[in-house]
Amino acid sequence: MTLTTLQLSHPKGTVCYREVGEGEPLVLVHGVGMQDASWEPQIEHFAKTHRVIAVNMPGHGGSSALPQGSQLEDYVAWLHATISALGFEQVNLAGHSMGALISGGYAATYPERVKRVALLNGVYRRSPEARSAVEARAKEIAEGNINIDGPLSRWFSESTADQQAKEKVGNWLREVDPVGYAVTYNAFAHGDATYADKWEEIRCPALLLTGDGDPNSTKEMAVDMAKAAQDGMVCIIEGHRHMVNLTAPEQVNAAMASWLKQPIRTNG
């Protein structure tokens, strides 16, 4: 797979992405501090049946950063510009963490463009305590205090599978552009309720998946989103945390494969 650069309309700059396979498009959007390679197990698996496009979100993996102060709506607009520039009328859309927030917002804003949507380790209506903690982290990152040990300790257990993935994820966090990371993390910190009231309007098949040990993208959040959606299905992966698509790829791929077989409901 080679990295492709696509020019978007001003002021969104360029987006870098990887594409492989043929069939219905499956667009993958990673989380804050990650890159397209964080979807490696899913890219390899679904390229056998789908046209897989793993995009690098703004300020990550070579994609242009959005301006300071950009919020979740701006990232949804960026995704719309990306999907339109790729020439897709409709896509299957899956996002992880911040990518899940973007994907859910996109399904709510552009329902006619989404066949199915999957949110992996997404957040939804954080508690006041959780919101305060994530906003404090966003402020520290904006001030240049990027501490990767914190997320790594939250995202991974001491299991062998987790430790193998932890090394890769740590390297990606070290490589990320600090400015793009700060802008995106700030949007992530303030975006959990932006589209929360729109979930009951989402008609397409929606997969809500997380690990039962994820302290921030909790199983309760996944269940609540699945209940709110008109065609929601929930999947809780036991014994795993935030980077579940890397630490439990077989289970995640199986859940996504089932989701991709769900009959399409008009989402408009």
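**The surface and the whole chain**

Show the molecular surface first: the accessible surface of the chain comes to about 11,000 Å². Carbon and sulfur atoms account for 48% of that surface. Keep in mind while looking that this is a predicted model.

Now switch to a cartoon view. The chain has 10 helices and 8 strands. Next, show the C-alpha trace and turn the view along the principal axes, where the trace spans about 45 × 40 × 35 Å. The radius of gyration is 17 Å; a compact globule of 268 residues would have a value near 18 Å, so the chain agrees with that expectation.

Colour the residues by relative accessible area. How much of the chain is made up of buried residues? They are 55% of the 268 residues. Contacts can be sorted by separation along the sequence: of those with a separation of 6 or more, 76% are between residues 24 or more positions apart.

**The charges**

Select the charged side chains. There are 23 positive and 31 negative charges, and the mean positions of these two groups are 3 Å apart. Side chains of opposite charge can pair when their charged atoms come close. In the whole structure, a search finds 10 salt bridges. Some of them are visited below.

Select Lys168 and Glu40. Their side chains form a salt bridge, with 3.9 Å from N to O. Lys168 lies in helix H6 (residues 160-175) and Glu40 in helix H1 (residues 40-46), so this pair ties together parts that are 128 residues apart in sequence. Are the two partners buried or partly exposed? Lys168 counts as partly exposed, at 43% relative accessibility, and Glu40 is partly exposed too, with a relative accessible area of 44%.

Move on to Lys139 and Glu143. In this salt bridge the closest N and O atoms are 2.7 Å apart. Lys139 has a relative accessible area of 52%. Exposed means over 50%, and Lys139 is therefore classed as exposed.

Then select Lys198 and Glu201, whose side chains meet in a salt bridge of 4.0 Å, N to O. Lys198 is partly exposed at 37% relative accessibility, and Glu201 is partly exposed at 45%.

For the last stop among the charges, select Glu24, Lys115 and Arg116 together. A network of salt bridges links these residues.

**Two residues with positive phi**

Select Ser97 and check its backbone angles. Phi of Ser97 is near 60°, a positive value in a residue other than glycine. Ser97 sits in the loop between strand S5 (91-96) and helix H3 (98-109). Its relative accessible area is 7%, so Ser97 is buried.

Arg125 is another stop of this kind. Although it is not a glycine, Arg125 has a positive phi of about 50°. Where is Arg125? It lies in the loop between strand S6 (114-120) and H4. At 41% relative accessibility, Arg125 is partly exposed.

From this loop, follow the chain into helix H4 (residues 128-142) and select Ala133, which is found there. Ala133 is partly exposed, with a relative accessible area of 34%. Draw a distance from its C-alpha to that of Gly122: the two residues are 11 apart in sequence and 17 Å apart in space.

**A buried residue in a strand**

Select Leu26, in strand S3 (residues 25-29). Its relative accessible area is 0%, so Leu26 is buried. Which residues is Leu26 in contact with, leaving aside its neighbours within four places in sequence? Show Phe46, His50, Arg51, Val52, Ile53, Asn92, Trp259 and Leu260. Now add Gly62, which is 36 residues from Leu26 along the chain; their C-alpha atoms are separated by 21 Å.

**A glycine in a loop**

Finish at Gly61, in the loop between strand S4 (51-55) and helix H2 (72-85). Gly61 is partly exposed, with a relative accessible area of 35%. Not counting residues up to four places away in sequence, Gly61 touches Leu3, Cys16 and Asn56. To end the tour, select Asn121 as well: Gly61 and Asn121 are 60 residues apart along the chain, and their C-alpha atoms are separated by 21 Å.

Conventions:
Residues are numbered from 1 along each chain as its sequence is written. This is a predicted model: local features need pLDDT of at least 70, side-chain atom pairs count only at pLDDT 80 or more; totals for chains, interfaces and linings use all residues. Side-chain values use heavy atoms; hydrogens and water are left out. Helices (H or I, at least four residues) and strands (E, at least two) are DSSP runs, numbered from the N terminus. The radius of gyration is taken over C-alpha atoms; the globule rule is 2.2 Å times the number of residues to the power 0.38. Buried means under 20% relative accessible area, exposed over 50%, partly exposed in between (1.4 Å probe, protein chains only). Contact means heavy atoms within 4.5 Å. Accessible areas come from the Shrake-Rupley method with a 1.4 Å probe; for residues, only the protein chains shown count as cover. Lys and Arg count as positive and Asp and Glu as negative; His and the chain ends are not counted. The place of a charge is taken as NZ of Lys, CZ of Arg, CG of Asp or CD of Glu.
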